[in-house]
Amino acid sequence: MDDRDAIETLKRGDPEGMDALVAAHQPRALRVAYQITRDSQAAEDVVADAFLAVFQQIKSQDPDRPFQPWLLRIVVNRAISLTRRRSRLQRVLGLLSRATEPSDPVQVAETNEETRAVISALDRLPVNERAALSLRYLEDLDERSIAEILGWPIGTVKTRLHRGRNHLRQELAKNATGADAPALSFIGGSE
Amino acid sequence: MISDSQLDSVLRAALKEDANRAVGSSNVTGQVRARMVHARHWHRAVAVPSSLAAVLLVGAVVLAATSELSIVLRYHPIGWLPTPGKLTAVGPCSSLQGMALADVQRRVNFRVLTLGGATLVNAYYGPPCPGSSEANAHLLYEENGESFDLGETHAPEGPITVDLKGTADRSPWRIVTVNGNDYAVLIFDDAVTAAAFKQAGTRVDITVGAKGGPNRPLSLDQFEELVLQIN
């Protein structure tokens, strides 16, 4: 069943249409949601909520309109919104000296040093830059597609990608020069 | 200094590896299904008060409608009887002709909706009544000893009307919304025994348990699952 058939099936009230849409699009939606929220549970919530929004709006969906950009727009907007709410909450918790959830040591050990350094640096970026970088590098989308999904002007996308890359570069450089810095193979390469 | 190409390459690999590790085996199908069911119940909860709020008194006829007016329950307190017995779209003048479902579909000018997951026992074609151009279809299904009669006709533009005896305040009929579509349902002792609705340009009138075995109660939740199988 392709997207068009699935949408028509769902419009007729058959939940198999939704099952088909979920099966086809959840891997990508989950990856994007995860890279913005940085939390697998939150990513699942965001994606499940996004599909629910699809279900509630399906009757007004033009079957000729590509489904994936529509879904990703919902996912990204919800993920950004959730992340902002959570970061406000974490700031409050920080003020109250309550520790946030520690990283899973097994999970940390499984991730190689280079990846961990990049991901750790990515965590410290503003959420808008993280969203743009995720769509660009995780999903290999071009700037125009990112602009369409996020509803930003293309100039804004370019700016945020550029700033995101620069912030990331600075974060990685800081890590590389720190006393307990991991040995990053890609730091120090010639330009 | 990290070059752009180095950064791009590392970023791409790191993001993919990290995301696949974290959510590569996740599956939200069950969560989505659960949220859909919850949303349908929520719709139902808000649909009933809106239908009650829209009750209007016009002469001797009481109209109850959903906010989108896809179904009108028209009550006739005295002097008029709707189609006797079960609610059905098949007119009394029709002499039903048994035939294959595909042949029924070829003879009518609307899409014949079928009930998935149940066994089709018989399909009938009802020719138009004198003075009418509207033919009808009549499908009999059985599932787990329960029977479902589906009477189908071409649905008019705008809301469909369900003519009922009695008054709205004592009526066992109510309107529920499933997946955004409105259904008029007849409920006795918490069991749905008949329903009428419009879908894909077809009006469907269902009677539950009218043929075959005993009339087993069909809960409202089961009814919601049932109508999702009608396509």
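In this predicted model, residues 79–91 of chain B stay under 50 in pLDDT. The model nonetheless has 29 contacts for them beyond four places in sequence. Where pLDDT is low, the predicted coordinates should not be read in detail.

Chain B as a whole has a mean pLDDT of 73, and 73% of its residues reach 70 or more. Residues 41–68 of chain B also lie below 50, with 50 contacts in the model beyond near neighbours in sequence. The table gives the extremes among the elements of chain B.

| Element of chain B | Residues | Mean pLDDT |
|---|---|---|
| Strand β1, lowest | 56–58 | 28 |
| Helix α3, highest | 101–107 | 93 |

For the complex, the predictor gives an ipTM of 0.72 and a pTM of 0.49.

Now the contact between chains. Helix α7 of chain A (residues 127–138) packs on helix α1 of chain B (residues 4–23). Their axes are 9 Å apart, at an angle of about 95°. The two helices are therefore roughly perpendicular. On the chain A side, the residues are A:L133, A:S134, A:R136, A:Y137 and A:L138. They meet B:D8, B:L11, B:R12, B:L15, B:K16 and B:A19. By type, this contact has six nonpolar residues, one polar and four charged.

Which residues are buried in helix α1 of chain A, residues 3–11? They are A:A6, A:I7, A:T9 and A:L10. Seen down the axis of this helix, its buried residues fall within an arc of 160°, so they line one face. Just after the helix, A:G13 takes a positive phi of about 95°.

Key
Residues are numbered from 1 along each chain as its sequence is written. Chains are lettered from A and ligands numbered from 1 in the order in which they are written. This is a predicted model: local features need pLDDT of at least 70, side-chain atom pairs count only at pLDDT 80 or more; totals for chains, interfaces and linings use all residues. Side-chain values use heavy atoms; hydrogens and water are left out. Buried means under 20% relative accessible area, exposed over 50%, partly exposed in between (1.4 Å probe, protein chains only). Helices (H or I, at least four residues) and strands (E, at least two) are DSSP runs, numbered from the N terminus. The arc is that of the directions from the helix axis to the C-beta atoms. Axes are lines fitted to C-alpha atoms, for helices over the stretch in contact, and angles run from 0 to 180 degrees between N-to-C directions. Angles under 35 degrees count as roughly parallel, over 145 as roughly antiparallel, 65 to 115 as roughly perpendicular and the rest as oblique. Contact means heavy atoms within 4.5 Å. Ala, Val, Leu, Ile, Met, Phe, Trp, Tyr, Cys and Pro count as nonpolar, Asp, Glu, Lys and Arg as charged, and the others, Gly among them, as polar. pLDDT is the predictor's confidence in each residue, from 0 to 100.
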